[in-house]
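Subject: Handing over the structure

Hi there,

Here is the structure I promised to pass on to you. Please have a look at it first, and then read on for my notes on how its parts fit together.

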Amino acid sequence: MITSDQREKLRGWFAGRLPEDLFEELTEVTVDREEITVIGRIPEPHLVEGASAAEREAAVEGRIQEFRERTRETRIGVAREAEHRFRRKVSWGVECGGERALFTHVAAPVMTRLRQPERQVLDTLIAGGVARSRSDALAWCVRLVQRHTDDWLTELRESLEHVQRVRAEGPDAEPEDGGTDRDSP
């Protein structure tokens, strides 16, 4: 579990390390055990007044692709530094014209054991065309839970951070200058 202090330091590192002109704004830096995802806002394309929705969609898609290709080397350089420093893969994405696009991201395998009633839920999603496989069905279920319980999950994460702070202040805690790794989030 990553604490809010570690998350803030990580966001600060990226805010300071990214070239000034890479994004209009660094909108999001998220982290888990495997991956850091960096998302920034890029300028919308300029279109003629009255442009159709199809033209706007194509222009935004083109702007995102142009940004991805033009900034590839810069992003790879920053990612290499961050991966060495924080020991996690770095993924990139942008927001443009109300659209969000992820360029790269980690799809980490998760092992689980399910009983028959739980497997039947996944198989029903497959039979209904919602998912192609049990893996897709399980990912769909996780996204559904995430969408509908975001406040509860946020409260749970904050509680876990509190537990980590209390543990860190316990009798076995190292002194503040006790050689902790300041680079790890």
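Before the helices, one convention: an angle of 65 to 115 degrees between two axes counts as roughly perpendicular, and one over 145 degrees as roughly antiparallel. Please also keep in mind that this is a predicted model.

With that convention, take helix 4 (residues 116–127) and helix 5 (residues 134–148). Their axes cross at roughly 100 degrees and come within 9 Å, and helix 4 and helix 5 are therefore roughly perpendicular to each other. On the helix 4 side, the contact is made by R119, L122, D123, L125 and I126, and helix 5 contributes R134, A137, L138, W140 and C141. Sorted by class, this contact of helix 4 with helix 5 has 7 nonpolar and 3 charged residues, and no polar ones.

The other helix pair I would point you to is helix 1 (residues 4–17) with helix 3 (residues 72–86). Here the packing angle is about 150 degrees, and the axes lie 12 Å apart. Helix 1 and helix 3 are therefore roughly antiparallel to each other, and their crossing is right-handed. The residues that make the contact are L10, W13, F14 and R17 from helix 1, and V78, E81, A82, R85 and F86 from helix 3. By class, the contact of helix 1 with helix 3 has 6 nonpolar and 3 charged residues, again with no polar ones.

Now to the sheet. It is open, has 4 strands in the order 1-2-3-4, and its pairing is mixed. Strand 1 (25–31) and strand 4 (99–102) stand at the edges with a single partner strand each, so one side of each is left without a neighbour in the sheet. On average, and ignoring direction, neighbouring strands are turned by 20 degrees against each other.

Going through the pairs in order:

- Strand 1 and strand 2 run antiparallel and are joined by 6 bridges. A hairpin of 3 residues connects strand 1 to strand 2, and E28 stands opposite I39 in strand 2.
- Strand 2 (residues 35–41) and strand 3 (residues 89–96) run parallel, with 7 bridges between them. R41 has E95 in strand 3 as its bridge partner.
- Strand 3 and strand 4 pair in the antiparallel sense over 4 bridges, and C96 stands opposite E99 in strand 4. Their hairpin has 2 residues between the strands, and G97 takes a positive phi near 55 degrees there.

Which strands do the helices touch when they pack on this sheet? Helix 2 (residues 53–70) touches strand 3 and strand 4, and its direction makes about 145 degrees with that of strand 3. Helix 3 lies across strand 2 and strand 3, and runs at about 135 degrees to strand 3. Helix 3 thus deserves a second look on your screen, as it packs with helix 1 and also lies across two strands of the sheet.

Last, the salt bridges. The structure holds 12 of them. One is between the side chains of R41 and E25, at 2.2 Å from N to O. R41 lies in strand 2 and E25 in strand 1, so the pair ties together parts that are 16 residues apart in sequence. If you are picking a residue to start from, R41 links two of these topics: the salt bridge with E25 and the bridge to E95 in strand 3.

Happy to talk it through whenever suits you.

Best wishes

How values were computed
Residues are numbered from 1 along each chain as its sequence is written. This is a predicted model: local features need pLDDT of at least 70, side-chain atom pairs count only at pLDDT 80 or more; totals for chains, interfaces and linings use all residues. Side-chain values use heavy atoms; hydrogens and water are left out. Axes are lines fitted to C-alpha atoms, for helices over the stretch in contact, and angles run from 0 to 180 degrees between N-to-C directions. Angles under 35 degrees count as roughly parallel, over 145 as roughly antiparallel, 65 to 115 as roughly perpendicular and the rest as oblique. A crossing is left-handed if the near helix is turned anticlockwise from the far one by less than a right angle, and right-handed if clockwise. Contact means heavy atoms within 4.5 Å. Ala, Val, Leu, Ile, Met, Phe, Trp, Tyr, Cys and Pro count as nonpolar, Asp, Glu, Lys and Arg as charged, and the others, Gly among them, as polar. Two strands pair if DSSP finds at least two bridges between them. A salt bridge is a side-chain nitrogen of Lys or Arg within 4 Å of a carboxyl oxygen of Asp or Glu.
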